[in-house]
Amino acid sequence: MKLTSNKKFEVKDTDVIFTLRNPTNEEINKYYASKLDISGKTVKDNSVQARCELFDLLLTNIENLEDDNGIVTTDRKNAIPLKWKGEAIFKAFDESEIDLKN
């Protein structure tokens, strides 16, 4: 297997493709740390916001996406549905790709 510098994600049942660059170790560590806010006896789940922020940071290209204002480019990331952003990051970094063997 060859490690690549980019990952492509296709939105199910569409032609939309997002290209994300691989994060640095510092960026991924910051992402994991920002998912939960633990203070005292309370825990706040910030995972949706953290996923969207990481998506915006890593996005390098968008294919086949338009809205009422025209073609959606990386300059108009706010037009991308949060659900799509979150799912791309979840699949890339939260869903385990490693099958641990005993």
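This section describes how helix α3 packs against helices α1 and α2 in a predicted model.

The chain has a mean pLDDT of 88, with 91% of its residues at 70 or more. Among the elements, the mean pLDDT is lowest in strand β3 (residues 36-39), at 82, and highest in strand β5 (residues 59-63), at 95.

Two packed helices are described by the angle between their axes and by the distance separating those axes. For helix α2 (residues 47-58) and α3, the angle is about 85° and the axes lie 8 Å apart. Helix α2 is therefore roughly perpendicular to α3, the angle falling within the 65 to 115 degree range. On the α2 side, the contact is formed by R51, C52, L54, F55, D56 and L58. Helix α3 contributes L82, K85, G86, A88, I89, F90, F93 and D94. Nonpolar residues number nine in the contact of α2 with α3, alongside one polar and four charged residues.

Helix α1 (residues 25-34) also packs against helix α3 (residues 82-94), here at an angle of about 110° and with the axes 13 Å apart. This angle makes α1 roughly perpendicular to α3. The crossing of these two helices, α1 and α3, is left-handed. Residues I28, Y31 and Y32 of α1 meet I89, F93 and D94 of α3. The contact of α1 with α3 comprises five nonpolar residues and one charged residue, with no polar ones.

Residues I89, F93 and D94 of α3 thus appear in the contact with α1 and also in the contact with α2.

Notes: Residues are numbered from 1 along each chain as its sequence is written. This is a predicted model: local features need pLDDT of at least 70, side-chain atom pairs count only at pLDDT 80 or more; totals for chains, interfaces and linings use all residues. Side-chain values use heavy atoms; hydrogens and water are left out. Axes are lines fitted to C-alpha atoms, for helices over the stretch in contact, and angles run from 0 to 180 degrees between N-to-C directions. Helices (H or I, at least four residues) and strands (E, at least two) are DSSP runs, numbered from the N terminus. Angles under 35 degrees count as roughly parallel, over 145 as roughly antiparallel, 65 to 115 as roughly perpendicular and the rest as oblique. A crossing is left-handed if the near helix is turned anticlockwise from the far one by less than a right angle, and right-handed if clockwise. Contact means heavy atoms within 4.5 Å. Ala, Val, Leu, Ile, Met, Phe, Trp, Tyr, Cys and Pro count as nonpolar, Asp, Glu, Lys and Arg as charged, and the others, Gly among them, as polar. pLDDT is the predictor's confidence in each residue, from 0 to 100.
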